[in-house]
Amino acid sequence: MDERDDAPPRKIIHIDMDAFYASVEQRDNPELRGKPVAVGGGRERGVVAAASYEARKFGVRSAMPSVTARRKCPDLVFVRPRFDVYREASLQIREIFADYTPLIEPLALDEAYLDVTENLKGVISATQIAQEIREQIRRMTGLTASAGVSYNKFLAKIASDYRKPDGLFVITPKMGPAFVETLDVGRFHGVGPATREKMRGLGIETGADLESRSLGFLQQHFGKAGAYYYWIARGVDERPVRANRIRKSVGAENTFFQDVFTLPQARAALAPIIEKVFAACEKNGLRGRTATLKVKYADFRLITRSRTVGAPIASPEELAEIALELMAPVFPSPMGVRLLGVTLSSLERVGPGPEQLKLDLTSR
């Protein structure tokens with residue numbers, strides 16, 4: 001798996017739009033500029049889909065319940081999502097990418113990897129390409145983008161976040177291993193909150209700590225992922241940039257402070273979960289045909305129920321209807337339910353979808 005010393009390093013760029021949804025809204029409505037803006041539902045059970053940098057200063061983040069966001073920032077301005085507009089801007093941006101390389105791996109509407117090792121314009125410097133792309137994005141869309149340049153995907157993504165917003169950072173092959181040593185393991189691609197806590201329980205706080213562990217040790221504690229962690233701790237990531245990559249599933253779940261016992265309670269709890277799932281599908285230009293309901297009881301017993309439909313699920317209301325039908329037999333629940341989750345799979349890319357994300361399941 002080790003990168004060959006005689007192989008020339010790849011040139012990978014990660015482009016990440018700055019607060020994309022919120023920036024589009026501020027671009028199109030001058031009254032919002034300089035104000036804390038949240039894109040999403042502002043009602044009691046709404047969810048923040050994106051937050052402007054002014055809102056982030058107050059601790060407002062995407063996927064945060066709207067009531068929590070408003071508590072953190074009383075002056076927060078909520079704006080309904082306009083996914084057709086975001087998708088139009090995203091397509092403009094990808095046309096810019098395509099002028100340089102066909103090797104484009106979109107991660108969402110607002111970010112992508114580009115392999116420019118061999119590019120269509122014959123530009124030797126990946127840094128120059130990243131700067132040209134950023135300038136063209138600003139000129140054509142009125143938006144700003146941050147870029148990371150490195151010799152693999154892991155470090156390019158780390159670099160794009162290093163000087164946000166509107167920044168450019170380069171991690172060279174000579175810098176890579178030492179740079180990784182200083183990183184908190186929570187910054188590593190593939191290390192989520194649960195894995196980070198497990199690593200910290202093993203005394204692994206930084207890249208240097210991770211590098212000090214043997215391959216056998218990491219495989220013992222993390223299975224197949226152990227080899228991946230072993231190599232990225234050394235700045236090695238051989239994952240290729242894959243054009244037209246499609247995610248396998250999109251899901252969201254919520255663990256409740258108090259167990260849920262009745263169907264009306266569950267309906268209310270399901271609304272923000274559905275909203276998160278469908279917002280993620282909109283952001284990635286995806287639709288799914290298989291809906292899966294996840295139910296975890298108070299004793300941690302877990303059940304799942306799935307349904308596959310003939311055509312891609314086209315709206316949050318349709319997804320909610322299927323999820324409610326799957327959930328109805330679960331209640332009333334004498335034991336109580338501590339977690340509900342919904343996942344969409346059998347995904348495919350689609351054109352512009354419905355903008356409406358507002359759900360009211362309590363009257364069903």
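**Exercise 1. The four-stranded sheet**

Which residue is the bridge partner of G251 in β12? Work from this pair to the order of the strands in the sheet, bearing in mind that the model is predicted.

*Solution.* Step 1: in β12, G251 has T343 as its bridge partner. Step 2: this bridge belongs to the pairing of β9 with β12, which is antiparallel and extends over 8 bridges. Step 3: strand β12 (residues 337-349) is also joined to β10 by 11 bridges, again antiparallel, and within that pairing L286 has R349 as its partner in β12. Step 4: β10 is in turn joined to strand β11 (residues 302-308) by 7 bridges, and these two strands run antiparallel, with V295 facing its bridge partner I303 in β11. Step 5: put together, the 4 strands form an open sheet in the order β9-β12-β10-β11, with antiparallel pairing. Because β9 (249-260) and β11 stand at the edges with a single partner strand each, one side of each is left without a neighbour in the sheet. The twist from one strand to the next averages 15°.

**Exercise 2. The surroundings of β10**

Why is strand β10 (residues 286-297) described as largely enclosed by the rest of the structure? Identify the turn that follows the strand and the helices that lie across the sheet.

*Solution.* Step 1: of the 12 residues of β10, 10 are buried, so the strand is largely enclosed by the rest of the structure. Step 2: β10 forms a hairpin with β11, with 4 residues between the two strands, and in the turn F300 has a positive phi of about 75°. Step 3: helix α12 (residues 263-284) lies across β9, β10 and β12 and runs at about 160° to β9, while helix α13 (residues 316-327) lies across β10, β11 and β12 and runs at about 30° to β10.

**Exercise 3. The three-stranded sheet**

What is the strand order of the open sheet of 3 strands, and is its pairing mixed or uniform? Add the helix that lies across these strands.

*Solution.* Step 1: the order is β3-β2-β4, and the pairing is mixed. Step 2: β3 (48-51) and β4 (77-79) are the edge strands, each having a single partner strand, so one side of each lacks a neighbour in the sheet. Step 3: the average twist between one strand and the next is 30°. Step 4: the parallel part of the pairing includes strand β2 (residues 37-40) and β4, which pair over 3 bridges, and V37 has V77 as its bridge partner in β4. Step 5: helix α1 (residues 20-28) lies across β2, β3 and β4, at about 110° to β2.

**Exercise 4. The nonpolar cores**

Which element gives the largest share of the largest nonpolar core? Trace the contacts of one of its residues as well.

*Solution.* Step 1: the largest nonpolar core has 34 residues, and those with the most contacts inside it are I15, F20, F97, L114, I133 and I137. Step 2: the elements giving two or more residues to this core are β1 (12-17), α1, α4, β6 (111-115), α5 (126-141) and β7 (145-150), and the largest share, 7 residues, comes from α4. Step 3: when neighbours within four places in sequence are left aside, I137 is in contact with I15, M17, I93, I96, F97, G142, L143 and A145. Step 4: another core, of 33 residues, lies apart from this one, and among its members are A269, A291, L344 and L347.

**Exercise 5. Aromatic pairs**

How many aromatic pairs does a search of the whole structure find? Compare the setting of two of these pairs.

*Solution.* Step 1: the search finds 12 aromatic pairs. Step 2: one of them, F83 with Y86, is edge-to-face, at 5.7 Å centre to centre and 85° between the planes. Both residues lie in helix α4 (residues 83-98), 3 residues apart, or about one turn of the helix. With a cut-off of under 20% relative accessible area for a buried residue, F83 is buried at 0%, and Y86 is likewise buried at 0%. Step 3: F154 and F188 also form an edge-to-face pair, at 5.2 Å centre to centre and 70° between the planes. This pair links distant parts of the chain, with F154 in helix α6 (residues 153-160) and F188 in the loop between α7 (176-181) and α8 (193-201), 34 residues apart. Step 4: F83 and Y86 also belong to one aromatic cluster together with F20 and Y21.

How values were computed
Residues numbered from 1 in each chain as written. Predicted model: local features only at pLDDT ≥ 70, side-chain atom pairs only at ≥ 80, totals over all residues. Heavy atoms only, no water. Phe/Tyr/Trp six-rings, centres within 6.5 Å; stacked < 30°, edge-to-face > 60°. Buried < 20%, exposed > 50% of the residue type's maximum accessible area, 1.4 Å probe, protein only. Pairing = 2+ DSSP bridges. Axes fitted to C-alpha atoms, helices over the stretch in contact; angles between N-to-C directions. Contact = heavy atoms within 4.5 Å. Core = buried A, V, L, I, M, F, W, Y, C linked by side-chain atoms within 4.5 Å.
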